Amino acid sequence: SALRSGSSSSPSHFLRRCYCSESVPERKVTILGAAGGIGQPLALLMKINPLVSNLALYDIAGTPGVAADVSHVNTISQVAGFMGEDQLGKALEGSDVVIIPAGVPRKPGMTRDDLFNINAGIVKSLCIAIAKYCPNALVNVISNPVNSTVPIAAEVFKKAGTFDEKKLFGVTTLDVVRAKTFYAAKAKVPVSEVNVPVVGGHAGITILPLFSQTTPKSNNLSDEDIQALTKRTQDGGTEVVEAKAGKGSATLSMAYAGAIFADACLKGLNGVPEVVECSYVQSSITELPFFSSKVRLGKNGVEEVLGLGPLSDYEKEGLEKLKPDLKASIEKGIKFAAQS
Ligand code: NAD
Ligand code: LMR
């Protein structure tokens, strides 16, 4: 492959020799919000990813401890902790992938949109710094409400003159992870083999799993089963918020999902072929400017936004129903970025 033959698009991406005797380019990953409920397990999972050579952990508090702890894991990457705004630039400089789980999580009774007032400002300020210190990085936005925080990030980058729609992602992998888990249990098929695309957005009915496209196909599920699986996937976040009873939302499953998505981004950057994941990106596959669907990842980030494929009548109905909600969340984000 291009990797092993040693080609490299950027001078900072020197080839590095692993103990496994394969060469992979140097890659820096930065986590913003690294001392939080998602940030900590995500830091651990990125530390054990052999594609990561530099791991920068940034938060407004607590990162020296998290970095010291994670740095003792005997894997190849170098870990550094950064705390407070004056260290944000150093955390971001030279980064290939920036993951953003910074912001407040839900408590029971709240919607993701109830987080907007706090998290919109956090995402905006972090994106201003990204535009300044690592404008070419792939940005993975986890902070909710994703349906609005991704349009906010896009507007910030546009204002800074650094926007590249191929490099901005809303992380919706947890919806895919849940859809796979719930489907496998119900259909009694091996979970490791299941694939389900999830499209739309990342809140309530905007989350639309396409169970009609699931592989391997199971013929023993009724329409009612599919509707129940759809609803459970849409309410998966709330299920965790209620079970945690005031102590936050999904962190461990989200760290797992975030690590899968970041790994896919790194593989794409490294030239691995046919890396496909669902993500909430700038899109023209519907009339909405941002939409989650399968995307093919490559050396520039998004290589191709894949179409929706054939939908069942139930999914077609779900798609039409989600559009007004998703449109409003996108417009709210754009308006916030324009006003502030
Ligand atoms: P948390 O409160 O445990 O951690 C958030 C961290 O962000 C804290 O350590 C905090 O200090 C930090 N932070 C706050 N402001 C910051 C700033 N300006 N710069 C850097 N760091 C800052 O919350 P959590 O459980 O880790 O959740 C984080 C976010 O992820 C929430 O908005 C939550 O809704 C969202 N989330 C998204 C998904 C998804 O599927 N996309 C899944 C789960 C959670
Ligand atoms: C999730 O889907 O678990 C996250 O978006 C967190 C939440 O608030 O539900």
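Let's start with ligand 1 and helix 5, residues 116-133. Helix 5 gives the largest share of the shell around ligand 1, four residues. Keep in mind that this is a predicted model. There are 33 residues around ligand 1. Coming nearest are Gly33, Gly36, Gly37, Ala102 and Asn144. What about the classes? The shell around ligand 1 has 18 nonpolar residues, 13 polar and two charged.

Now ligand 2. Here the largest share of the shell comes from helix 9, again with four residues. The list around ligand 2 runs Pro105, Arg106, Arg112, Asn144, Leu174, Gly236, Gly237, Val240, Val241, Ser249 and Ala250. Sorted by class, that makes five nonpolar, four polar and two charged. Look at Asn144. It is among the residues that come nearest to ligand 1, and it is also in the list for ligand 2.

Next, the record. An unreviewed UniProt entry lists residues 28-170 as "domain: Lactate/malate dehydrogenase N-terminal". In the model, that span is 39% helix and 20% strand. Its end C-alpha atoms lie 20 Å apart.

The unreviewed UniProt entry also has an "active site" annotation, and that covers His202. Where does His202 sit? It is in the loop between strand 9 and strand 10. Is His202 buried or exposed? Count the neighbours: 27 other C-beta atoms lie within 10 Å. The cut-off for buried is 20 or more, so His202 is buried. And what does it touch? Setting aside neighbours within four places in sequence, His202 is in contact with Val146, Asn147, Gly170, Thr172, Asp175, Ile207 and Tyr280.

Asp175 takes us to helix 7, residues 173-187. Asp175 is one of the buried residues of that helix. The others listed as buried are Thr173, Leu174, Val176, Val177, Arg178, Ala179, Lys180, Phe182 and Tyr183. Leu174 you have met already, in the list around ligand 2. What do the buried residues of helix 7 pack against? Three strands are named: strand 9 (198-200), strand 10 (207-209) and strand 11 (275-282). Three helices are named too: helix 8 (223-234), helix 9 (236-244) and helix 10 (252-269).

A quick check on the geometry of helix 7. It has 15 residues, so at 1.5 Å a residue it should span 21 Å. The end C-alpha atoms are 21 Å apart, which agrees. After helix 7 comes Lys188, with a positive phi, near 55 degrees.

Helix 10 next. It has 18 residues, and 13 of them are buried, so the helix is mostly covered. From first C-alpha to last, helix 10 reaches 26 Å, close to the 26 Å expected at 1.5 Å a residue. Just after helix 10, Gly271 has a positive phi of about 90 degrees.

Last, the whole chain. How many helices and strands does it have? Eleven helices and 13 strands. The radius of gyration is 19 Å, close to the 20 Å that the globule rule gives for 340 residues, so the chain is as compact as a globular protein of that length. Along its principal axes, the C-alpha trace spans about 50 × 45 × 40 Å. Of the 340 residues, 48% count as buried. Now the contacts between residues at least 6 apart in sequence. Of these, 67% join residues at least 24 apart.

Methods
Residues numbered from 1 in each chain as written. Chains lettered and ligands numbered in written order. Predicted model: local features only at pLDDT ≥ 70, side-chain atom pairs only at ≥ 80, totals over all residues. Near = placed C-beta within 6 Å. Helix = DSSP H or I, 4+ residues; strand = E, 2+ residues; numbered from the N terminus. Nonpolar A, V, L, I, M, F, W, Y, C, P; charged D, E, K, R; others polar. UniProt positions renumbered as here; feature names shortened; annotations may be inferred. Expected span 1.5 Å × (residues − 1). Buried ≥ 20, exposed ≤ 12 C-beta atoms within 10 Å, placed from the backbone. Contact = placed C-beta atoms within 7 Å. Rg over C-alpha atoms; globule rule 2.2 N^0.38 Å.
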